[in-house]
Structures are given as C-alpha cells and as structure tokens.
Amino acid sequence: MESFADVKYVLDTIWLLISGSLVMWMAAGFAMLEAGLVRTKNTTAILTKNITLYALACVAFYVVGYDFMYGSGNSFIGSGFLTSSAADGDHSGLSDFFFQVVFVATAASIVSGTVAERIKFWPFMAFVLVLSAVIYPIQGHWTWGGTALGGWIDGFSDFAGSTIVHSVGGWAALAGALLLGARKGKYSKDGKINPIPGANLPLATIGTFILWLGWFGFNGGSQLALGSKADANAISSVIANTNMAACGGALIAMILTQLLYKKVDLTMVLNGALAGLVAITAGPDYPSMGLAIVIGAIGGVLVVFAVPFFDKLKIDDPVGALSVHLVNGIWGTLAVGIFNPDVSLLAQIKGIAVIGVFVFTSSLIVWAILKITFGIRISEELEYEGVDTHEFGLRAYPEFTDSMSTTTGSLGSTVTRRAGQVDAKFVTNN
Amino acid sequence: MESFADVKYVLDTIWLLISGSLVMWMAAGFAMLEAGLVRTKNTTAILTKNITLYALACVAFYVVGYDFMYGSGNSFIGSGFLTSSAADGDHSGLSDFFFQVVFVATAASIVSGTVAERIKFWPFMAFVLVLSAVIYPIQGHWTWGGTALGGWIDGFSDFAGSTIVHSVGGWAALAGALLLGARKGKYSKDGKINPIPGANLPLATIGTFILWLGWFGFNGGSQLALGSKADANAISSVIANTNMAACGGALIAMILTQLLYKKVDLTMVLNGALAGLVAITAGPDYPSMGLAIVIGAIGGVLVVFAVPFFDKLKIDDPVGALSVHLVNGIWGTLAVGIFNPDVSLLAQIKGIAVIGVFVFTSSLIVWAILKITFGIRISEELEYEGVDTHEFGLRAYPEFTDSMSTTTGSLGSTVTRRAGQVDAKFVTNN
Amino acid sequence: MESFADVKYVLDTIWLLISGSLVMWMAAGFAMLEAGLVRTKNTTAILTKNITLYALACVAFYVVGYDFMYGSGNSFIGSGFLTSSAADGDHSGLSDFFFQVVFVATAASIVSGTVAERIKFWPFMAFVLVLSAVIYPIQGHWTWGGTALGGWIDGFSDFAGSTIVHSVGGWAALAGALLLGARKGKYSKDGKINPIPGANLPLATIGTFILWLGWFGFNGGSQLALGSKADANAISSVIANTNMAACGGALIAMILTQLLYKKVDLTMVLNGALAGLVAITAGPDYPSMGLAIVIGAIGGVLVVFAVPFFDKLKIDDPVGALSVHLVNGIWGTLAVGIFNPDVSLLAQIKGIAVIGVFVFTSSLIVWAILKITFGIRISEELEYEGVDTHEFGLRAYPEFTDSMSTTTGSLGSTVTRRAGQVDAKFVTNN
C-alpha cells in the first residue's frame with residue numbers, strides 16, 4: 001500500500017465483497033420466508049428450490065450471464081464467456097463479479113415464492129437457468145451495462161434494482177403464475193377466497209429480518225465504491241434510508257390491517273417491511289430520511305391492497321411476492337421520477353415499460369414452452385399429498401405433522417392418512 | 001481520497017455502518033429468542049411486537065429522540081427535530097445516526113420479553129413510543145450526550161450501555177411487569193412456581209447466537225472510530241473480550257445448573273451467555289481476556305440465581321430478561337468501577353441509581369396511565385386461548401399444534417378445544 | 001493515522017475481526033444444521049452441546065491452545081500461557097487471536113454432529129477440552145505455526161484448513177464414532193440400513209446457509225491481510241471461488257440424487273454445498289472459478305457416495321459430518337497438490353497422513369480413556385426415551401411432539417407414552 005489510489009482500490013473491493021456476502025445471505029432470507037409461508041407438506045420442496053436455484057443462478061451467470069450483461073457486444077446484448085469481462089479497474093474485477101452474481105439469485109428467488117406448492121421441480125430449474133443466463137442479463141445490459149438500449153431508455157435511473165432486479169423477478173413470476181393456475185382449493189367456485197395459512201411464522205419472520213439486513217448490502221454496495229468521503233456519505237445515506245423505508249412499510253401495514261381487519265396481521269407487516277425495502281431500492285441515495293419513510297409507507301399501503309387484488313384476479317401467490325416485488329418495484333422506480341429533480345418521470349416510465357414488456361413476454365414464452373413440452377404443474381394427487389413425500393422423499397417436519405399424509409417409505413401402510421385443515425378445504429371446495 | 005484524514009473519515013463511517021447493521025440484526029435475535037421461549041399460542045404476538053417495535057423505535061428516534069439525546073439543549077434534555085443534530089464531523093453524521101438508532105430498539109426489545117404472553121398490543125406500542133422518543137433519549141443525553149446531568153453524574157463510565165441501554169430496558173420492563181402481574185397459572189396459591197416451558201428451543205438458541213454476533217457490533221462499534229492504530233487495537237480488545245465474557249457466562253451456567261439441578265439447563269446456558277455479554281458491555285475495552293471471562297462468569301452466576309429470585313418475588317418474566325439485562329446491566333457497570341482504576345466506583349453507583357430511579361419512575365407512570373386509560377392486560381379468556389388466534393388472527397404453527405384452541409375462522413365449531421400441558425395448569429391452579 | 005503502514009495495520013486488523021465474526025457465526029450454523037438433522041427427542045442436547053463446546057473451545061484455546069499453536073517452543077509444540085504469544089505486528093495481536101480462536105470451535109462442532117444422539121454430555125465436553133487445548137493446537141503448530149514438524153511436512157499447503165481444521169474434526173469424530181457404536185435401530189441384524197430422518201429440515205437449511213456465509217470469513221480471512229491491492233485481489237478470488245465451489249457441490253448432489261434415487265434429496269444438496277466448501281478450503285486462492293466449480297462438484301460427488309459407504313461400514317454419522325469434513329477435507333487438500341503447480345502432491349499426501357495419524361490416534365486414546373473411566377454412551381433406556389427429557393430436563397418442542405415420551409416433571413404419569421415413527425423401528429429391529 002503505497003498511495004491513496006491503492007487505499008481506494010482496497011476499500012472499494014472489500015466493500016463489494018462485504019456487501020455481496022450480505023446479498024448472498026438474502027438467499028437464506030428468501031428460503032426461510034417462503035418455507036414459513038407454505039404448508040408443511042411442501043416445505044422440503046421450497047427449501048430445495050431456494051438453495052439449488054441460488055447455485056444454478058451463480059453458475060449460469062458465471063458461464064454466460066455476466067458477459068451478456070457487462071461485456072461489450074452491442075446495445076442489446078453483451079458478448080463474452082466465463083466472466084471474461086470482469087477486469088480489474090478501480091476495484092478487483094472478481095469483487096465486482098461476486099457482487100453482481102448474488103443479485104441474479106435474488107431475482108430467481110422471487111419467482112420461487114409465487115409458483116410455490118404446485119410447480120414441478122425440473123421445469124422450474126430450467127426456467128431459473130434461462131432467467132439467470134439470458135433474460136436478466138439482457139435487460140441488465142441495457143441499464144447497468146450502460147447501453148440505454150441504443151438510447152431508447154436514456155435517463156432511466158434505478159440505483160440498486162427496484163426494476164432491474166425486483167420487478168424483473170416479479171414479471172417472471174407473474175408469467176409463471178398465469179400459466180400455472182392457482183393452488184387447488186384456493187379459490188372456490190362460489191367466488192370465495194380461502195386463506196391457506198403459512199405453517200411456520202417464526203421462519204417467515206427470521207426470513208424477513210435476514211432480507212432486511214441483507215438489503216444494507218444490496219443497496220449500500222450498489223454505490224460500487226467506498227474510497228472517498230463522498231462515497232462514505234452516500235453509503236451512510238443509502239443505509240439509513242433503506243432502514244427507514246422498511247420501518248415505514250412495516251408500520252403502515254400494522255396500522256392499515258388494524259383499521260381494515262381489526263387485527264394486526266403479521267404476514268402483512270412482514271410484507272410491508274419488504275415492500276418498503278423494494279420501494280426505496282431504486283433511489284436510496286437522494287431522499288431525506290423523512291421522504292424515505294414516506295416512500296416505504298406507500299409501499300406498505302400498496303402491499304396491503306395488492307394482496308387481495310391479486311386474489312380477486314385469481315392470481316395465486318402463496319407468499320405475496322408479486323405484491324412486494326412487482327408492484328413496489330414499479331412504485332419505487334416511479335418514486336425516483338417523482339421526487340428526484342434530476343430524474344425524468346417519463347424516462348422512468350419508459351424504462352419500467354420496456355423492461356416489463358421484455359421480461360414478461362420472454363418469460364411467458366419460456367414458461368409456455370416448458371408447459372407444452374415437460375409440463376410445469378404437478379399432478380392433482382401430488383398436490384393433495386404434498387410434493388415433499390413423493391417428489392422429494394423427505395418430509396420437512398416428520399415428527400410434528402402426523403396428520404399429514406406419510407412418506408412413501410416402508411411405513412406407508414401403517415400410518416393413517418388424515419386430511420388436515422387446508423386439505424379439507426381442498427376436497428370440499430373443488 | 002487525498003489525505004489520511006479522508007481515510008480516517010471513510011473508515012470511521014463504514015465501521016459505524018457495519019456495526020450498526022450487526023446491531024439491527026440483534027432485533028432478529030430478540031425476536032427469535034422470545035418466540036422460542038413463549039408458548040405457541042402467543043408466538044405470532046411476540047413476533048409481531050418485535051418487528052413493529054423496531055420500526056416504531058427507529059421512526060420515533062428519528063423524529064425527536066436523536067435530538068433529545070444529542071442536540072445541544074440544556075443539561076437535562078437536548079433540543080431539535082428530525083435528527084437535525086446529526087452533523088458530519090470525523091465521520092458521516094448519518095452513519096452516527098444509524099448506529100445510535102439501532103440501539104434504541106434493543107432497549108425496547110428487552111421490555112417485550114418480560115411483558116410477553118399477557119400484554120395488550122397497542123398499549124405496549126404506546127409504551128415503546130414513549131420509551132424510544134423520550135425516556136431513553138433523556139438519560140442518554142446525560143451520559144453519551146455529554147452533559148453529566150449538570151455535573152451530578154460526572155465520571156460515570158458506560159462504554160456501550162450496560163446501564164444506558166440494558167438496565168434501561170430492564171427498569172422499563174420491571175415497571176411493566178409489576179403493574180401487569182404474572183401470567184395466570186405461573187404461581188399457584190399454595191406457593192408453587194409452575195415452569196411454563198418455551199415452545200421452540202432451536203429458535204431460542206439461534207436467537208442467542210444472533211445476539212452474540214450482533215454484540216460484536218454493539219460493543220465494537222461503540223469505539224465510534226476505526227481510523228487509527230489505537231482504534232484498531234481497542235476494537236480488537238473489545239471484540240475479543242466480548243466473546244470471552246459470553247463464553248464465561250455460558251460455561252458457568254452449564255456448571256452451576258449441573259451442580260444445583262443435576263441437569264445442564266439449556267435456557268440457563270443461553271441466558272448465561274447473554275448475561276456475560278451484558279456484563280462486559282460497560283467496559284469491554286480495558287480488561288484482559290482473563291478478567292473478561294471472570295466478569296462474564298459472574299454474570300452467569302447472577303442469572304442462575306436471579307431467575308428463581310424473581311420467581312420468588314412473583315415477578316413473572318417469561319424470557320428471563322430482568323435477570324439478564326437489569327441485574328447484569330447493573331453488575332457490568334459496577335465491575336468497571338471495581339476493576340478499572342481510572343473509573344470511580346462511586347460514580348458508577350451514582351449513575352446506576354440516578355438512571356434507574358428516572359427510568360423506573362417514569363416508566364411506572366407511563367404504564368400506570370396506560371393501565372388506567374386503555375388497560376394493559378388482555379382478558380382472562382384471551383390469555384387462556386392465546387392472543388394469536390383472537391388478537392392477531394394467525395397461529396404461528398397452524399399445522400403443528402392441533403391440541404391448542406383453533407383460529408377464529410370457519411373451522412371454529414368443528415375442532416375440539418383441548419387443554420394443552422400448560423393450559424391444564426392454568427385451569428387447575430387458579 | 002499518519003502513514004500507509006498505519007492504514008495497512010488498521011485494514012488487516014479489521015478484516016480479521018470481521019472475518020472472525022463470520023466464523024463465530026458458523027457455530028450457529030453447526031447448531032442449526034445438527035439440530036435439524038437429529039430427532040426431536042435429542043434436540044435440546046445437541047443445541048446445548050453446540051453452544052457450550054464453542055464456549056469451552058474458546059476458553060481452552062485462550063488458556064493454552066493459542067500458545068501451543070503459535071508460541072515458539074520446539075518443532076512439535078509451542079510454549080506459553082494465556083495467549084502470551086499474541087503480539088501486535090502487521091495487525092493487532094488480539095485480532096489474530098480472535099480470528100484463530102473461532103476456528104477451534106469449528107473443529108469441535110464437527111465432532112458433535114457425528115456422535116449425536118448417543119454420547120454422554122460430560123465425557124463429550126471432556127473430549128472437546130482435550131481437542132481444543134492440545135490436539136488441534138499441536139498439529140496447527142506444525143503447519144500454521146510454521147515448524148513443518150522439523151521439516152517432515154515441508155511444503156504442505158492448506159490455505160484455510162481443509163486438513164488442519166476440517167479433517168482434524170473428522171478424524172476426531174471418526175475415532176469417537178468407532179468407540180461409541182451406532183444408534184440403536186440404525187442398522188438391523190438382517191443388514192438393513194434404516195434411515196432416521198432429521199426432525200426439522202428448515203433448521204438444517206438455515207444452518208447450511210449460515211455456514212456458507214460464514215465460510216466467506218473462514219477462507220477470506222485466512223489471507224490474514226487486507227492492506228494492499230494484492231491482498232484485496234486475493235481475497236476477491238478466495239470469496240468468489242468459495243461461493244462457486246459450494247454451488248458446484250450443491251448442483252452435483254441435486255443431479256446425482258435424481259439419477260440415483262429418482263428424487264432430489266435436500267439433505268444431500270445441503271451436504272453437497274458443504275462438501276464443496278470444505279473441498280475448496282485448502283486452496284481457494286489459486287484456481288479459476290471454473291476450476292473451483294469442478295473441485296466443489298467432485299466434493300459433492302464424494303459426499304453422495306460417502307454417506308452410504310459409511311453406512312455400509314456401520315459407522316453411524318447422523319449428520320453426515322464424516323462425509324463432508326473428513327472425506328472432503330482430504331480431497332480438498334489433495335486437489336491443491338493436483339491443480340496448483342506450486343504445490344507438491346507428495347507433500348500434500350504426507351501432511352494429510354501425518355496429521356491424520358496423529359489426530360486419529362490421539363483422539364482414539366482420549367475417547368478410550370473416557371470410555372473406560374466414565375463411559376461415553378448413554379443407557380439404552382435413555383436412548384429410547386431421548387436424552388432431552390432425562391439428561392437435560394427440557395424438551396426442544398414441548399407442544400409439538402406429544403407422541404414422544406414426556407418430561408420427567410409432574411405430568412409424567414398422566415401423559416401416555418407412545419412410540420413415534422423411528423422409535424417403532426428401534427423396538428422392532430433390535
């Protein structure tokens with residue numbers, strides 16, 4: 001270490017590594033959040049998907065995704081192979097790769113929540129592969145890759161990815177949910193919407209806290225530098241605002257559910273906090289903390305109304321991922337156009353629309369191909385029994401849930417199959 | 001980055017942000033610890049309180065608390081609004097705010113544990129608001145705010161808050177517990193103390209580990225600077241000692257419960273570790289690691305005897321928060337006066353007493369006003385049924401606990417209500 | 001801060017402290033992983049062991065272990081007492097101690113998984129004491145202590161401890177497993193191997209994610225410096241490779257279990273990720289990310305075959321720790337000799353063999369002494385009932401598992417004892 005340039009290089013690099021580690025930790029957050037909000041009979045499945053999708057997204061992004069996103073190429077797609085464009089500059093190229101690769105899994109994790117409890121495992125993984133290797137990197141090439149899609153979305157501003165990460169995951173999830181259909185028993189023929197309660201709320205809560213913590217890296221690391229007073233000040237503002245937006249979202253969800261339902265609803269509070277986090281992500285650097293609270297609180301309002309709205313449309317989303325990541329990804333990106341005088345609202349709308357159309361359409365095509373070829377939905381019997389016993393061979397809580405159907409193992413004939421609470425609805429309402 | 005002063009500014013700032021993130025993570029630790037130590041029927045409630053209290057504490061501290069604590073004002077209370085006193089100096093002002101704001105939630109989290117399983121939600125939140133916005137900042141103004149209460153508590157030394165954070169939470173909790181009374185069934189008329197086992201010990205354990213990790217930021221960040229060799233050495237000592245004190249507390253609890261009860265008691269080991277952490281917090285910078293182990297071990301001894309002591313007084317504390325945070329907050333602060341030659345024991349006693357009297361009295365007044373106006377205790381029926389089903393509408397583990405009373409939903413009439421283990425005691429002993 | 005040497009000192013120090021904190025966090029990972037993979041009736045026991053072993057390992061390493069490892073002494077063992085050899089140099093001596101002390105607990109945690117569900121608590125703790133104070137430090141003195149055992153293992157290269165930490169834990173565990181024997185009911189007289197499913201797979205999953213995150217500190221911190229561009233580049237490579245190796249291990253386990261068993265096995269995926277992490281640990285600094293994926297993937301293959309292999313040998317390992325840490329500790333160390341042109345494969349083999357023989361033999365002697373004197377295995381009745389109720393007095397999930405035998409408390413006579421799923425096997429197969 002012989003110069004201030006060296007100091008800057010080291011600080012920028014280590015900040016990307018620390019932030020990237022926190023974003024990797026978000027994979028655990030998604031896994032716990034989703035495992036807490038599905039039923040016990042599909043818990044092993046969601047755990048398995050959350051860890052394997054992370055691994056697959058990393059490898060796919062290493063092989064082609066990073067270069068599709070950051071390689072030179074043309075204004076539509078970058079070129080290269082095996083992360084060849086990760087060069088050292090102001091900071092280590094590998095630290096940049098590490099920070100970017102963990103973002104990809106975030107987008108994929110959003111999808112896994114929405115399609116939970118009814119998706120086939122291998123077609124899901126195939127979708128994750130395409131999303132991580134192709135769809136996500138291409139739209140990232142237009143934005144963080146710096147081409148502005150040949151000028152089409154010039155001026156579009158998304159600091160850490162309300163649109164580029166969260167709404168992208170949301171659009172991909174929406175396409176999947178539309179082609180998959182709702183879980184059996186969720187929507188009765190008489191129009192009734194049947195709540196299917198999550199099996200383990202402490203898990204959902206620790207998942208939310210993990211995501212909240214990880215978001216300090218997600219947004220804080222997106223400054224991409226630490227080596228100056230200006231960077232340190234910016235990161236301070238980013239992290240303080242990120243925290244405050246989550247607080248705003250959680251508090252407004254607490255108040256609204258009390259007013260609307262006469263009960264504070266924990267799952268809405270959790271999703272309210274996450275909504276605030278998604279909403280601030282497009283611009284955590286410019287607002288005052290007061291404005292950050294407002295942006296997050298509007299996110300919380302949106303989530304409280306979006307969850308029943310999607311249910312009204314019979315778009316089944318077991319964990320509320322569309323309400324959190326798609327709706328608030330859009331809101332957060334618009335908010336930058338509204339509140340940041342340096343950013344044009346029109347540019348924001350153009351960016352949201354272009355990326356939304358591209359990701360939704362391409363995802364719909366991929367899901368449709370998978371549906372036609374392999375099928376994407378588990379059998380009705382499997383859905384009744386739960387995927388864990390048959391497709392995964394392991395129950396998540398074998399000693400707690402003797403009222404659920406049993407494993408496929410040697411004990412199959414001796415254990416009585418009794419329908420649980422939700423399964424009863426499944427049977428009677430369809 | 002053009003000077004060593006810049007390097008110092010960046011390092012100080014990022015250390016506050018990293019440490020503050022670790023302290024934020026402690027909110028997850030408290031949530032899991034408390035969720036693991038209550039019964040399933042009140043688990044949704046404790047989870048909800050732990051996330052909403054964090055959000056409320058942050059917003060309240062942003063609006064007035066930070067300025068009441070650090071604004072100029074007079075020697076009793078600071079002045080200002082919307083964190084206006086958070087100015088850049090040796091480090092970013094917002095990084096200082098972020099590090100301080102997460103401490104407030106710690107104090108509030110301590111209260112939530114002690115009053116668990118019988119407090120009404122909204123009055124609890126009202127108390128959190130007053131604690132975070134007024135009570136905590138005022139006593140903080142006397143100490144970390146630097147006024148020494150007009151000289152009254154000159155020389156009082158509390159590095160990271162054994163008194164200023166932990167005993168403050170403890171005094172506030174004690175006041176609440178006294179006005180609330182014990183959980184039904186905890187103390188029989190014949191004087192018997194009925195253990196009410198926590199429902200999920202892995203949660204309590206991960207909560208403890210989270211707190212342990214977070215404490216490296218809690219104490220390490222309290223150095224408030226990283227930009228010199230002296231700071232780096234001090235932080236090394238602080239973190240090593242913090243770890244060792246926790247080890248001492250855990251080990252002595254392990255040994256003592258074996259000697260006293262012929263069984264190693266996991267909940268005591270967890271509280272022993274936390275006791276060690278609280279005890280070292282007032283002075284983690286000066287001792288040798290050997291002395292840190294001793295200070296932590298004495299903390300562990302205190303917790304093993306304090307838990308039955310509070311039970312003897314019929315002060316019901318479901319998670320042992322008084323034994324951990326109040327008793328050891330006092331012990332840790334005294335220890336600095338005993339072992340650190342630069343600190344006067346008398347000053348420590350004066351500080352403990354002045355802060356204790358102020359916080360306990362003001363908390364008692366607030367709790368009393370809440371009790372008279374809205375009431376602070378849930379109905380006896382709700383306590384029997386558990387708050388989750390009626391006040392929160394969501395059971396934490398709906399598929400695991402069919403022996404508990406059911407949700408308020410459509411299944412109410414078909415599911416038999418059976419009294420569980422503890423509920424049986426509730427009925428028979430009162 | 002007045003010179004670049006000061007900047008380097010501060011950066012080296014803080015990186016060791018941050019990395020060490022992440023490694024401490026791995027203790028929580030082991031606790032959750034193991035708690036998720038045992039049965040509910042032995043869950044309190046495994047939680048207790050995981051937190052007390054960490055505490056004991058830290059104290060033992062403080063008192064003598066650190067000096068046995070890093071003190072001058074002779075080429076076999078270092079000398080000193082109370083960490084007297086922890087001197088400030090390029091970084092704070094205490095930061096070095098903190099980083100090293102948390103590694104010891106990792107080795108001990110590996111043992112606790114393998115001997116779970118049948119080991120007596122106090123003899124286990126006695127073994128941990130010897131391992132942490134004597135066995136681990138002695139072999140560490142030969143390697144990281146720099147003596148090369150008087151030249152015998154010159155050229156042996158183990159960056160972060162595939163051999164020095166992970167296989168050491170593995171050898172110690174293997175010795176214990178051999179002297180303990182298998183859990184009752186695991187291996188039938190007719191040669192059948194009965195799976196004993198873990199009770200809580202979300203816990204096992206979060207445990208794996210915690211370990212994965214912690215490993216960024218485990219390997220990244222092992223660079224032992226941050227204060228230069230070269231260090232920052234090396235750490236970037238180390239962390240990126242560590243992540244990629246885990247991905248490789250998880251993905252190959254996913255594919256292999258599908259091919260072999262027609263079902264993706266979550267516990268194998270988790271162990272596959274951990275296998276990849278162990279495998280890359282000996283040399284995360286030199287390979288390309290592509291090679292890191294391959295090294296991790298081979299680790300995943302090994303774990304998928306090693307688990308049934310140990311079962312065939314009737315070496316019972318409830319969590320698969322031998323397959324992960326011993327087998328892949330060896331593989332990872334060999335891989336450096338194979339792929340890194342600067343390292344001799346022969347030196348790697350010599351190091352593995354010398355350390356393996358020393359640790360296995362000395363562990364076997366210690367376990368044998370404990371077996372002869374105090375006994376190391378719980379009684380058959382206790383094994384049937386579970387250690388939690390009798391030895392620890394607390395059930396981990398008292399409200400979830402009413403089909404398990406009850407606590408020893410006042411309710412003992414009124415609660416029916418019913419044999420659970422696995423207990424039935426225990427009875428019928430023996």
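Modeller: Buried area is the accessible area, taken with a 1.4 Å probe, that two parts lose on being put together, summed over both. The model in front of us is predicted, and by that definition chain C and chain A bury about 5,100 Å² between them, with 79% of the area on carbon and sulfur atoms. Within the part that chain C buries against chain A, Phe4(C), Pro202(C) and Phe209(C) supply 14%, more than any other three residues.

Biologist: What makes an area a suitable way to express the size of an interface?

Modeller: The size of an interface is often given as the accessible area that is lost when the parts come together. Chain B and chain A can be described in that way too, since they bury about 5,000 Å² between them, again with 79% on carbon and sulfur atoms.

Biologist: What is the relation between chain C and chain A, and why is it called that?

Modeller: Chain C is superposed on chain A by a rotation of 120° with 0.0 Å of shift along the axis, and the RMSD is 0.0 Å. That is the relation of a three-fold axis, which is why the name applies. Among the residues of chain C, Phe400(C) comes closest to the rotation axis, with its C-alpha at 3.3 Å. For chain B, a turn of 120° and a shift of 0.0 Å along the axis lay the chain on chain A with an RMSD of 0.0 Å, and Phe400(B) is the residue of chain B that comes closest to the rotation axis, at 3.3 Å (C-alpha).

Biologist: How do you know whether the copies meet through like or different surfaces?

Modeller: Only 16% of the interface residues of chain C are also interface residues in chain A, so the copies meet through different surfaces. For chain B the share is only 15%, so the conclusion is again that the copies meet through different surfaces.

Biologist: How many residues count as being in contact between chain C and chain A, and how many salt bridges and polar contacts are found there?

Modeller: With contact taken as heavy atoms within 4.5 Å, 58 residues of chain C are in contact with 62 residues of chain A. A salt bridge would need a side-chain nitrogen of Lys or Arg within 4 Å of a carboxyl oxygen of Asp or Glu, and the rule finds 0 of them across this interface. Polar contacts number 7 residue pairs between chain C and chain A, both residues at pLDDT 80 or more. Several helices of chain C each supply at least two residues of the side that touches chain A, among them helix 1 (4-37) and helix 14 (421-428). The largest share of that side, 16 residues, comes from helix 7 of chain C. By class, the side has 36 nonpolar, 16 polar and 6 charged residues.

Biologist: Which helix of chain B gives the largest share of the side that touches chain A, and what classes of residue make up that side?

Modeller: The contact takes 61 residues from chain B and 57 residues from chain A, and across it the rule finds 0 salt bridges and 7 residue pairs in polar contact, both residues at pLDDT 80 or more. Helix 1 of chain B gives the largest share of the side of chain B that touches chain A, 17 residues. By class, that side has 40 nonpolar, 15 polar and 6 charged residues.

How values were computed
Residues numbered from 1 in each chain as written. Chains lettered and ligands numbered in written order. Predicted model: local features only at pLDDT ≥ 70, side-chain atom pairs only at ≥ 80, totals over all residues. Heavy atoms only, no water. Least-squares fit on C-alpha atoms with pLDDT ≥ 70 in both. Polar contact = N/O pair within 3.5 Å; in protein donor to acceptor, adjacent residues only side chain to side chain. Helix = DSSP H or I, 4+ residues; strand = E, 2+ residues; numbered from the N terminus. Nonpolar A, V, L, I, M, F, W, Y, C, P; charged D, E, K, R; others polar.
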